[in-house]
Amino acid sequence: MKKTIAILFGGMSEEHEVSIKSAKEIAANIDVAKYQPIYVGITTDGQWKRCAEPEEFLNPAELPTIVLVPDQMIHGLVLLTNGNYQIIHIDVVFSVLHGKTGEDGAIQGLFELSGIPYVGCDIPSSVLCMDKALTYLITRDAGFHTPNFLILQQDEQITDQSLTYPVFVKPARSGSSFGITKVSRKSELHQAIEIARNYDQKILIEEAVSGIEVGCAVLGNHTQLFTGEVDQITLSHGFFKIHQEKDPDKGSENSFFTVPAALPLEKQREIQQTAKNIYNCLGCIGLARIDLFLTDDGRLVINEINTMPGFTSYSRYPRMMKAAGISISQLIEKSITLALEK
């Protein structure tokens with residue numbers, strides 16, 4: 001008997017459009033012989049809409065309302081049409097909501113209340129990984145390398161003048177490089193902080209790390225972990241921000257990927273093991289992408305952890321898994337299986 005999978009996408013964060021692209025890729029690759037997908041698009045103002053397929057979400061006002069109910073006896077969705085309602089039992093939720101309310105523990109709390117298994121990290125690990133400041137504090141305390149950094153809370157002004165430039169000013173809880181500015185001198189700092197505060201009142205200021213940007217896709221629960229091939233990002237200028245570019249499906253304007261990374265095999269294996277260790281340190285489950293810097297002296301420095309990486313045609317996570325022999329269809333199936341196991 002087919003498992004019914006609720007696929008949530010869209011959402012209220014700045015990564016709304018990226019999430020829709022992820023859902024389209026899942027729709028094109030999910031095995032409909034095994035799974036019955038139910039597509040639920042969430043608008044930027046928080047309305048939940050039932051879609052026959054993600055492409056239908058272009059006109060959400062014309063779509064029926066559907067909601068996930070935090071009642072474990074219902075264990076599913078309620079579809080509202082013409083004053084009537086229909087209960088749809090759900091076996092698993094696969095949320096590709098990226099960023100705020102999607103990766104920060106908020107939607108995971110709703111899943112926990114509903115009692116429905118869900119793909120990806122739980123509430124605590126989602127909170128820790130979404131907040132880059134918390135990520136750094138926890139992992140640094142556990143012995144991993146992080147950049148030197150400062151944290152500014154709401155309305156707090158910078159008083160520490162010991163920064164070594166250049167630095168990156170970031171919203172602490174945002175994704176896909178939105179609100180990030182590279183600052184080369186002190187006179188640019190105030191404006192960069194104001195830009196970041198358009199996305200979050202908690203700000204992270206971190207010294208730039210000189211080195212190669214690498215990533216590792218991790219899949220699994222607890223000690224049973226699988227990693228994709230390590231990728232490497234080469235930049236011509238600026239910093240990596242493919243999701244903000246005009247036509248990312250055709251490639252990045254300032255970067256390109258190498259998968260597997262152009263590194264010695266021993267160093268690739270070290271990156272994979274470090275990624276697993278960080279994944280476990282933060283309590284990740286299901287899947288996550290661990291981004292690191294490889295410095296000139298061979299250290300691995302944490303960049304960020306993405307608990308619901310993109311599933312788009314140009315996303316890093318599925319590329320790394322594909323290079324390791326797992327197609328996107330297999331990746332979807334394994335993610336669902338892991339959700340049921342946990």
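Trainee: Is E188 buried, partly exposed or exposed?

Mentor: In this predicted model, the relative accessibility of E188 is 26%. Buried would require under 20% and exposed over 50%. Because its value falls in between, E188 counts as partly exposed.

Trainee: With which residue does the side chain of E188 meet in a salt bridge?

Mentor: The N to O distance of this pair is 2.5 Å. The partner has a relative accessibility of 48% and counts as partly exposed. The residue that meets E188 in the salt bridge is R185.

Trainee: Which residues are joined into one network by salt bridges that share partners?

Mentor: A search of the whole structure finds eleven salt bridges. Where salt bridges share partners, they join residues into one network. Its members are D231, R289, D291 and R316.

Trainee: How many residues apart are K132 and E304, which form a salt bridge?

Mentor: The closest N and O atoms of K132 and E304 are 3.9 Å apart. The pair links distant parts of the chain, with K132 in helix α4 and E304 in strand β17, residues 300-306. Their separation is 172 residues.

Trainee: Which of these two partners is buried and which is partly exposed?

Mentor: The relative accessible area of K132 is 6%, and that of E304 is 21%. The limit for buried is under 20%. Therefore the buried partner is K132, and the partly exposed one is E304.

Trainee: Which residues does K132 contact, leaving aside neighbours within four places in sequence?

Mentor: The place of K132 is in helix α4. Besides its salt-bridge partner E304, K132 is in contact with residues including S174 and L204. The contacts are K170, P171, A172, S174, L204 and E304.

Trainee: Why does the salt bridge between E206 and K170 tie together separate parts of the sequence, and how many residues apart are they?

Mentor: The closest N and O atoms of E206 and K170 are 3.3 Å apart. E206 lies in strand β11 (residues 203-207) and K170 in strand β9, so the pair ties together parts of the sequence that are apart by 36 residues.

Trainee: Are E206 and K170 buried or exposed?

Mentor: Buried stands for under 20% relative accessible area. This description applies to both E206 and K170. The term for the two residues is buried.

Trainee: Which residues does N148 touch, not counting those up to four places away in sequence?

Mentor: N148 is placed in the loop between α4 (132-141) and β8 (149-152). One of the residues it touches is E206, which forms a salt bridge with K170. The full set is I205, E206 and E207.

Trainee: Is S125 buried or exposed?

Mentor: S125 lies in helix α3, residues 123-130, and touches L282, G283, C284 and T307, not counting residues up to four places away in sequence. Its relative accessibility is 1%. With the limit at under 20%, S125 therefore counts as buried.

Trainee: Which residues form a negative surface patch?

Mentor: One member is E53, placed in the loop between β3 (48-51) and β4 (65-68). E53 is partly exposed, with a relative accessible area of 42%. The patch is formed by E53, E55, E56 and E62.

Trainee: What is the area of the nonpolar surface patch made by L80, Y85 and I87?

Mentor: L80 is placed in strand β5, residues 76-81. At 40% relative accessibility, L80 counts as partly exposed. The patch that L80 makes with Y85 and I87 covers about 330 Å².

Notes
Residues are numbered from 1 along each chain as its sequence is written. This is a predicted model: local features need pLDDT of at least 70, side-chain atom pairs count only at pLDDT 80 or more; totals for chains, interfaces and linings use all residues. Side-chain values use heavy atoms; hydrogens and water are left out. Patches are made of residues with over 30% relative accessible area and no salt bridge: like charges are joined within 9 Å, nonpolar side chains (Val, Leu, Ile, Met, Phe, Trp, Tyr) within 5 Å. Accessible areas come from the Shrake-Rupley method with a 1.4 Å probe; for residues, only the protein chains shown count as cover. A salt bridge is a side-chain nitrogen of Lys or Arg within 4 Å of a carboxyl oxygen of Asp or Glu. Lys and Arg count as positive and Asp and Glu as negative; His and the chain ends are not counted. The place of a charge is taken as NZ of Lys, CZ of Arg, CG of Asp or CD of Glu. Helices (H or I, at least four residues) and strands (E, at least two) are DSSP runs, numbered from the N terminus. Buried means under 20% relative accessible area, exposed over 50%, partly exposed in between (1.4 Å probe, protein chains only). Contact means heavy atoms within 4.5 Å.
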